[in-house]
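Let's look at how two chains meet, and at what earns a feature its label. Have the picture open as you read.

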Amino acid sequence: MNYRRRLVGLGLFALLLLAAGCGQQNAAPAPVPAPEPAPQTGAPTEEPSGSSLTKQTISVFYSDNDLLALQEEKQEIAFADDLEKYKKAVALLEAPQEKEKHFPLWVDFKYHSLTFEEGKLTIDADSHNVYNLGSSGEIMALDALKKTLFQFPEVKSIVILEDGKPAESLMGHVDIVEPLTRDEVAQ
Amino acid sequence: MKRRLLPLFVLLLLLSLPGWAAAADQSVHLMIGGQAVQPEVPPIIEKGRTLVPVRVIAEGLGASVDWDQPTRTAVIARGQQTLQLTVGSKQALLNGKKVQLDAPPTMKNQRMLLPLRFVGESLGVTVGWEESTRTVIANETPQAELNGQKAPDGWKFYQADDTYYVSAQAVADQFGLKNHAWKRPERGRTIDGQLTLPLTQLETELGGTFAWNQKKNQVEIERLSYMEEVEADGEYVHIKTTLPVGAEAIVLNGPHRIVLDLPHTVLDEDLIPQSYGYKGPTEQKEKANSDADSKAEDDESDKSDEPADDDVSDDEADEMAEAAKAEDALIADLRFSQFQSSPNTVRVVIELNQKSKYTLSYSEDGIEVKLIPQPRKTGYLIVVDAGHGGKDPGALGVTGNHEKDYTLAVANKVVELLKQYPEFQVVPTRSTDVFLELSERVAIANDWDADLFLSIHANSFSNPNSGGTESFYYNANSKEFAQLVHKHLQGATQFQNRGVKASGFYVIKHTKMPAVLTETGFLSNPKENSKLTSPDFQEKIAKALVAAIREYYQSYQ
């Protein structure tokens, strides 16, 4: 119920979440030219009950249409705590609003857990994920993840595991043995 | 005020040796100074501790005991050692210094009970427990010499009847004989859980002389092995010694060497002139000849024809001879020296033309080293890396095809084509559908000291319209190779030119030689995918990559 209301209130946001994984083939639903302003500002008042969700406009990063450069989108998220904030940011990596121009680098990304401790954000990825990217796509995907999560100043490093264990690489080109840090964010 | 109480009191020692607690109803025997002792008061076991009259120990070992009644303190003196113990106190004074006991001395029927091993060892007495006969063995610790030097502290000497039993493996270890198989262990005694053998039996089993000089109460062991011969024979090195010794081996690189140290070994007189660094008593020209094979002797006689007054030209001749031999022989050089004289150690250095593993096998008359040469680089070495594989399929093509199959097909073709050129040596990271970690791919290239590294991949993206050929390098030494690869590859694909880029992909970042990763085209692009899956097109790609390698080889080597 709650989910449906927010879907209405937030316009495209949740719809895109649902569509995630189908990729851009589903780009059909008539894109609202400028979805952000009206519906989103209206959303808070429509929140039911007294759940005190924090709202924040964040930057989320995608590829351009030819896998050449990262593209930034502003999207608003609502969350109860920091952990939910990170999870929603990660989820949005799959869901650009400008589907014609922006292509997600993370599609159907599943993880067992996302935890945060003393500046270290750990994502335990499912080893069955199929990323379907080449070498340049992998680097861009990791950069998109880093830029999206490092916008939160408290996040100092990102550790990616696979099924609870350290992994050498997610997609077979870039090593993730060492934690990802701010120093190495996109050239 | 102290009174000499030895004749008046019978002090019992509290025995805290392991294993004594179990059999409270069995008697305990004493062997002191090699003699079985029947004390007036038999040893008793109480609360897991066996108590022995101290007078017996004291008399047997020549210690004196002073008892001070008011302070309930005993002072036991033997030679330079004095040990002061107080009833009820875990603290004792050994030569005036505080030491801790694990159990305090106690009084029982007016007898002071002490932990025997603590007292014995404090006084420099060797104490042991033989479980099979339930016997406490205590005796003076004799001086011991091995080849004229003080024997290692780990050696224990137990006196029984009129011989010393010595911890056998500790002795064998000194000669490098690890886990030595003893022929007649039944002639020994197991004391404190370790096999000990009589000196005479050690002599029989190990050779040399093992003797007890009763007058000086000194055990004297002479066991020097003489190295009589070192011979290289194909993939073997035979080292002949008069007595068995075990070698300590070290493997070194640059150049590849296997270094063997033979403990308590000296060079046979005949070998000394051939040893490394040897300066003859009068003539310099015999210097530093290190080869032991017959070929070396020929070299030596050749050299004696020419004036040998110039050390430098002599060295050069040596080096040239070695370089000539280096062509096909596994062993480049074999040298040895009296590396240490205290204790005597002979060092044998096997210098190799290629990295080798080895096994050592021992016999009565020496050591056989079997060399196991590892494959070596013989030409301009190219490592061809088919991306992904096994559990990692890589990207998925639009017809359900997998990147790992494309990369393997092209890589295998590249390998076959490169093999046609005798100047090239080709090593694939994989030639079948197996998974390799990125670090394994890099290790193959770096371990082989490869000259080029080429990693073959195909691209994918969520936009099916994206397409093109791109090539990556990371280290500065790779840029020219990347440009050549890209020129040939893009020329063959005629796909959109996405250019040459620098990016830190693992396999091109951590390889030391010029290294390139290519993305031939997009498996997610239907047009490109249909070409990439065609064997003819794959052959064309492979030829283009080989042409790039050939051009690089001709331009930059």
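Q: How do you know how much area chain B and chain A bury between them?
A: Buried area is the accessible area (1.4 Å probe) that two parts lose on being put together, summed over both. For chain B and chain A that comes to about 1,900 Å², with 49% of it on carbon and sulfur atoms. B:Leu438, B:Phe461 and B:Phe505 supply 28% of the area that chain B buries against chain A, more than any other three residues. By the way, this is a predicted model, where local features need pLDDT of at least 70 and side-chain atom pairs count only at pLDDT 80 or more, while totals for chains, interfaces and linings use all residues. Residues are numbered from 1 along each chain as its sequence is written, chains are lettered from A and ligands numbered from 1 in the order in which they are written, and side-chain values use heavy atoms, leaving out hydrogens and water.

Q: What makes a residue part of the contact, and how many does each chain give?
A: Contact means heavy atoms within 4.5 Å. Chain B gives 29 residues and chain A gives 23 residues.

Q: Why is the meeting of B:Arg498 and A:Asp66 called a salt bridge?
A: The label needs a side-chain nitrogen of Lys or Arg within 4 Å of a carboxyl oxygen of Asp or Glu. B:Arg498 and A:Asp66 are 3.3 Å apart, N to O, so the pair qualifies. The rule finds one salt bridge across this interface. On the side of chain B that touches chain A, there are 10 nonpolar (Ala, Val, Leu, Ile, Met, Phe, Trp, Tyr, Cys and Pro), seven charged (Asp, Glu, Lys and Arg) and 12 polar residues (the others, Gly among them).

Q: How do you know that strand E16 and strand E23 of chain B pair?
A: Two strands pair if DSSP finds at least two bridges between them, and strands are DSSP runs of at least two residues, numbered from the N terminus. Four bridges join E16 (residues 143-146) to E23 (residues 218-222) of chain B, so they count as paired. These two run parallel, and B:Leu146 has B:Ile221 as its bridge partner.

Q: What makes the peptide bond from B:Ser342 to B:Pro343 cis?
A: Its omega is near 0°. B:Pro343 is in the loop between strands E29 (331-341) and E30 (344-352) of chain B. Most peptide bonds are trans.
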